[in-house]
Amino acid sequence: MEQKELRCPICQGNKAEIVGEDVKLHGMSQDKEFLTAFLTVLQCMQCGYFMFFDNSAQFTEKNSSGVT
Ligand SMILES: [Zn+2]
């Protein structure tokens, strides 16, 4: 599993594991059905919190320096 550097909003942990890619979520909100764009799903390796990002999100690698 590929690991990416990011910050968990719950425990501030910086290790997460990708558990799903190109995932679409759907559900009901106030009697209206919604469908999300394709998402990447990451799970915090410390507390297990699930984080969802759209596929355009970029994750910074710990060893990379700056953005091109
Ligand atoms: Zn966490």
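**Notebook: a six-stranded predicted chain**

With 18 C-beta neighbours inside 10 Å, I put Leu39 down as partly exposed, because a buried residue would need 20 or more. Leu39 is found in strand S5. I am working from a predicted model, and I keep that in mind for every value below.

**Entry: overall layout**

I looked up the secondary structure before going further. The protein chain has six strands and zero helices. Read from the N terminus, the order of elements is β-β-β-β-β-β. I then checked burial: of the 68 residues in the protein chain, 4% are buried. For contacts with a separation of 6 or more, I noted that 42% link residues 24 or more positions apart.

**Entry: confidence**

The mean pLDDT of the protein chain is 82, and 74% of the residues score at least 70. I asked which element has the lowest mean pLDDT and which the highest. Strand S1, residues 3-5, has the lowest at 61, and strand S5, residues 39-44, has the highest at 93. My residue Leu39 belongs to S5.

**Entry: around Leu39**

I listed the contacts of Leu39, leaving aside its neighbours within four places in sequence. They are Val23, Leu25, Phe52, Phe53, Asp54 and Asn55. I also took two C-alpha separations from Leu39. To Asp22, 17 residues away along the chain, the separation is 5.2 Å. To Gly20, 19 residues away along the chain, it is 8.0 Å. Both partners sit in strand S2: Asp22 is placed in S2, residues 15-23, and Gly20 lies in S2 as well.

**Entry: Asp22 and Gly20**

I checked the backbone of Asp22 and found a positive phi of about 55 degrees, although Asp22 is not a glycine. Is Asp22 buried or exposed? Asp22 is exposed, because 10 other C-beta atoms lie within 10 Å and the limit for exposed is 12 or fewer. Gly20 has 12 other C-beta atoms within 10 Å, so Gly20 is exposed too, right at that limit.

**Entry: S2 against S5**

I looked at how S2 pairs. S2 and S5 run antiparallel and are joined by five bridges. In this pairing, Ile18 has Leu42 of S5 as its bridge partner. Next I turned to Val19, also in S2. The C-alpha atoms of Val19 and Leu42 are 5.5 Å apart, with their positions 23 residues apart in sequence. Beyond its neighbours within four places in sequence, Val19 is in contact with Val41, Leu42 and Gln43. Val19 is partly exposed, because its 13 other C-beta atoms within 10 Å exceed the 12 allowed for exposed and fall below the 20 needed for buried.

**Entry: S5 against S6**

S5 also pairs with strand S6, residues 50-54, by five bridges, and these two strands run antiparallel. Val41 stands opposite Phe52 in S6. Val41 had already come up as a contact of Val19, and Phe52 as a contact of Leu39. I then asked how many residues separate S5 and S6 in their hairpin. There are five residues between S5 and S6, and Gly48 in the turn has a positive phi of about 85 degrees.

**Entry: S3 against S4**

S3 and S4 run antiparallel, with four bridges joining them. Ser29 has Lys32 in S4 as its bridge partner. The two strands form a hairpin with two residues between them. One residue of that turn is Gln30, with a positive phi of about 50 degrees, although Gln30 is not a glycine. I placed Gln30 in the loop between S3 (26-29) and S4 (32-35). Gln30 is exposed, because 5 other C-beta atoms lie within 10 Å, under the limit of 12 or fewer.

**Entry: the loop between S1 and S2**

Last, I looked up Asn14, found in the loop between S1 and S2. Where does this loop residue stand relative to Cys44? The C-alpha atoms of Asn14 and Cys44 are separated by 7.8 Å, and the two residues are 30 apart along the chain. With 15 other C-beta atoms within 10 Å, Asn14 is partly exposed.

Terms used. Residues are numbered from 1 along each chain as its sequence is written. This is a predicted model: local features need pLDDT of at least 70, side-chain atom pairs count only at pLDDT 80 or more; totals for chains, interfaces and linings use all residues. Two residues are in contact if their C-beta atoms, placed from the backbone, lie within 7 Å. pLDDT is the predictor's confidence in each residue, from 0 to 100. Two strands pair if DSSP finds at least two bridges between them.
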